[in-house]
Amino acid sequence: MVRLNTNLQITHFVYVPTSNCVIVTARDTDKNRTKVYLVFTGESRAYQRNGINQTWDELDSFSGSRIQQLVCEAFSDKQIPRYSTPVGALN
């Protein structure tokens, strides 16, 4: 499991309603890198994209809850771009 770095600045959201999840990109301000997260809405389950291994690594439960909290807080900021896949697009 992976531990979440809390120095994140969320840059945009992609909501996937058919899967009840949000893909979140964020800027790690400490390392000046872009991070990608897959967050399941209503759950503390979340994953961080590992580009080197081309895998999704599960965040530990504390980090999963923390990224959920960050997403909820950032979602109220209307300046952060947000996108959505059409309902039924993945069926």
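Trainee: Which residue in E2 does His12 stand opposite?
Mentor: His12 stands opposite Thr25 in E2. Keep in mind that this is a predicted model.

Trainee: OK, and how do E1 and E2 pair?
Mentor: In the antiparallel sense, over 8 bridges. The two strands form a hairpin with 4 residues between them.

Trainee: What's going on with phi in that turn?
Mentor: Look at Asn20, which has a positive phi of about 50 degrees although it is not a glycine. Its place is the loop between E1 and E2. Most residues other than glycine have a negative phi.

Trainee: Is Asn20 buried, exposed or partly exposed?
Mentor: Asn20 counts as partly exposed, because its relative accessibility is 41%.

Trainee: What about the other side of E2, how does it pair with E3?
Mentor: E2 and E3 also run antiparallel to each other, and their pairing covers 8 bridges. They form a hairpin too, with 4 residues between them, and Asn32 in that turn has a positive phi of about 55 degrees.

Trainee: Who's across from Cys21 there?
Mentor: Phe40 in E3 stands opposite Cys21.

Trainee: How much of E2 is buried?
Mentor: E2 is mostly covered, with 6 of its 8 residues buried.

Trainee: Let me stay with that E2-E3 loop a second. Where does Lys31 sit, and is it buried or exposed?
Mentor: Lys31 is in the loop between strand E2 (21-28) and strand E3 (33-40). Lys31 counts as exposed, since its relative accessibility is 54%. Its C-alpha atom is 10.0 Å from that of Leu8, and those two residues are 23 apart along the chain.

Trainee: Stepping back, what's the order of elements in the chain?
Mentor: From the N terminus on, you get β-β-β-β-β-α-β. That comes to 1 helix and 6 strands.

Trainee: And how much of the chain is buried?
Mentor: Buried residues make up 35% of the 91 residues. The accessible surface comes to about 5700 Å², and 50% of that belongs to carbon and sulfur atoms.

Trainee: How many of the contacts join residues far apart in sequence?
Mentor: Taking contacts in the chain with a separation of 6 or more, 41% are between residues 24 or more positions apart.

Trainee: Switching to the inside. Which residues touch the most other members in the largest nonpolar core?
Mentor: Ile10, Phe13, Val24, Tyr37, Val39, Ile67 and Val71, out of 15 residues in that core. The elements giving two or more residues to this core are strand E1 (8-16), E2, E3 and helix H1 (61-75).

Trainee: Which of those gives the largest share?
Mentor: H1, with 4 residues in this core. As a general point, nonpolar side chains tend to be buried together in soluble globular proteins.

Trainee: Can you pick one residue for me to look at, say Val71, and tell me what it touches?
Mentor: Leaving out residues up to four places away in sequence, Val71 touches Ile10, Phe13, Val24 and Val39. Apart from the largest core lies another core, of 5 residues, among them Val16, Cys21, Phe40 and Tyr47.

Trainee: How are the rings of Phe40 and Tyr47 arranged?
Mentor: The count of aromatic pairs comes to 1. That pair is Phe40 and Tyr47, edge-to-face, with 6.2 Å centre to centre and 80 degrees between the planes.

Trainee: Why do both count as buried?
Mentor: The cut-off for buried is under 20% relative accessible area. Phe40 counts as buried because its relative accessible area is 14%, and Tyr47 does because its relative accessibility is 17%.

Trainee: What sits over the ring of Phe40?
Mentor: The charged end of Arg45, 3.9 Å from the ring centre.

Trainee: Back to backbones: what's phi for Gln54?
Mentor: Near 55 degrees, a positive value in a residue other than glycine. Gln54 lies in the loop between strand E4 (46-50) and strand E5 (55-58). Gln54 counts as exposed, because its relative accessibility is 60%.

Trainee: Last one, Glu73. Where is it, and how far is its C-alpha atom from that of Ile10?
Mentor: Glu73 is in helix H1. The C-alpha atoms of Glu73 and Ile10 are separated by 10.0 Å, with the residues 63 apart along the chain. Glu73 is partly exposed, with a relative accessible area of 46%.

How values were computed
Residues numbered from 1 in each chain as written. Predicted model: local features only at pLDDT ≥ 70, side-chain atom pairs only at ≥ 80, totals over all residues. Heavy atoms only, no water. Buried < 20%, exposed > 50% of the residue type's maximum accessible area, 1.4 Å probe, protein only. Contact = heavy atoms within 4.5 Å. Areas by Shrake-Rupley, 256 points an atom, 1.4 Å probe, with all protein chains shown as cover. Phe/Tyr/Trp six-rings, centres within 6.5 Å; stacked < 30°, edge-to-face > 60°. Lys NZ or Arg CZ within 6 Å of the ring centre and 35° of its normal. Core = buried A, V, L, I, M, F, W, Y, C linked by side-chain atoms within 4.5 Å. Pairing = 2+ DSSP bridges.
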